[in-house]
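Got your viewer open? Load the model, switch to cartoon view, and keep the selection box handy. We'll hop from stop to stop.

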Amino acid sequence: MSKKKNNIEKTLVEKILERNNISYRPAKFATQEDSGGVAQMDTSILNENEHLVYKTIVCSGNKTGPLVGVIPVTEYLSMKKLAKNSGNKKCELLPLKDLVKTTGYVHGANTPIGIHFNQHFPIFLDSSMEKETEIAVSSGKIGRSVFLNPNDLQKITDGTFCDILE
């Protein structure tokens, strides 16, 4: 029988964190579909703390293949900086049509923890998170996130802290 917290089944990410004794706080956000049918999470309820929610952007490097950048939802990823930090000459967004077959997650649910656990792609964490005591990343389901310490995120994903913001 599966354990439930508040009658919500735990995600793979939450199970991974618990197995590794990493403390986290689950969170739910309202979502809506944009004009392209893609789920968008509403983090505006966090007001001035919206920058603590990080999005997972899956890219492809010309030398490394798939890789992941994790940046605040309020910012933009610099492909040039990601390429330089990852040892590529060029990086580009992974086409949306290839996302599920590459990561196992739909747009809006990509998570650096789950992607690292299942795919072992290189993870690049924007250095802005290092100054925070707690940040949020997706827990692998649309509208669901986990708040955790950035150093714990780095350890569980074998991530690299670096400047990847536009």
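Start by selecting Val106, which sits in the loop between helix H3 (99-103) and helix H4. Keep in mind that you're looking at a predicted model. Is Val106 buried or exposed, or something in between? Its relative accessibility is 40%, so Val106 counts as partly exposed. Now add Val100 and Ile142 to your selection: with Val106 they form a nonpolar patch on the surface, and together the three have about 220 Å² of accessible area.

Next, zoom out and show the whole protein. You should find five helices and twelve strands. Of its 166 residues, 46% count as buried. Turn on the surface, too: the protein exposes about 9100 Å², and 47% of that comes from carbon and sulfur atoms.

Time to go inside. Which residues touch the most other members of the largest nonpolar core? Select Leu17, Ile113, Val137, Leu148 and Leu153; this core has 25 residues in total. Colour these elements to see where its members come from: helices H1 (12-19), H4 (112-119) and H5 (150-157), plus strands S6 (54-61), S7 (65-72), S9 (123-126), S10 (135-138) and S11 (144-148), each supply at least two core residues. H1 gives the most, with three residues.

Stay in the core and click on Leu148. Skipping neighbours within four places in sequence, its contacts include Leu17, Ile22, Tyr24, Ile113, Val137 and Leu153. Ser23, Thr133 and Glu134 are also among the residues in contact with Leu148.

There's another core to visit. Select Ile71, Leu82, Ala83 and Cys162: they're among the twelve residues of a second, separate core.

Two of those names lead us to the next stop, helix H2 (residues 79-86), where Leu82, Ala83 and Ser86 are buried. Why do these three end up on the same side of H2? They cover an arc of only 100 degrees around the axis, which puts them there together. Here's a handy bit of background: an α-helix has 3.6 residues a turn, so residues three or four places apart point the same way. Now spin the view and select Lys80 and Lys84, which are exposed on the other side of H2.

What covers the buried residues of H2? Show S6, S7, strand S8 (91-93) and S9, which are all part of that cover.

For the last stop, step just past the end of H2 to Gly87, which takes a positive phi of about 80 degrees.

Methods: Residues are numbered from 1 along each chain as its sequence is written. This is a predicted model: local features need pLDDT of at least 70, side-chain atom pairs count only at pLDDT 80 or more; totals for chains, interfaces and linings use all residues. Side-chain values use heavy atoms; hydrogens and water are left out. Helices (H or I, at least four residues) and strands (E, at least two) are DSSP runs, numbered from the N terminus. Buried means under 20% relative accessible area, exposed over 50%, partly exposed in between (1.4 Å probe, protein chains only). Accessible areas come from the Shrake-Rupley method with a 1.4 Å probe; for residues, only the protein chains shown count as cover. A nonpolar core is a set of buried Ala, Val, Leu, Ile, Met, Phe, Trp, Tyr and Cys residues joined through side-chain atoms within 4.5 Å. Contact means heavy atoms within 4.5 Å. Patches are made of residues with over 30% relative accessible area and no salt bridge: like charges are joined within 9 Å, nonpolar side chains (Val, Leu, Ile, Met, Phe, Trp, Tyr) within 5 Å. A salt bridge is a side-chain nitrogen of Lys or Arg within 4 Å of a carboxyl oxygen of Asp or Glu. The arc is that of the directions from the helix axis to the C-beta atoms.
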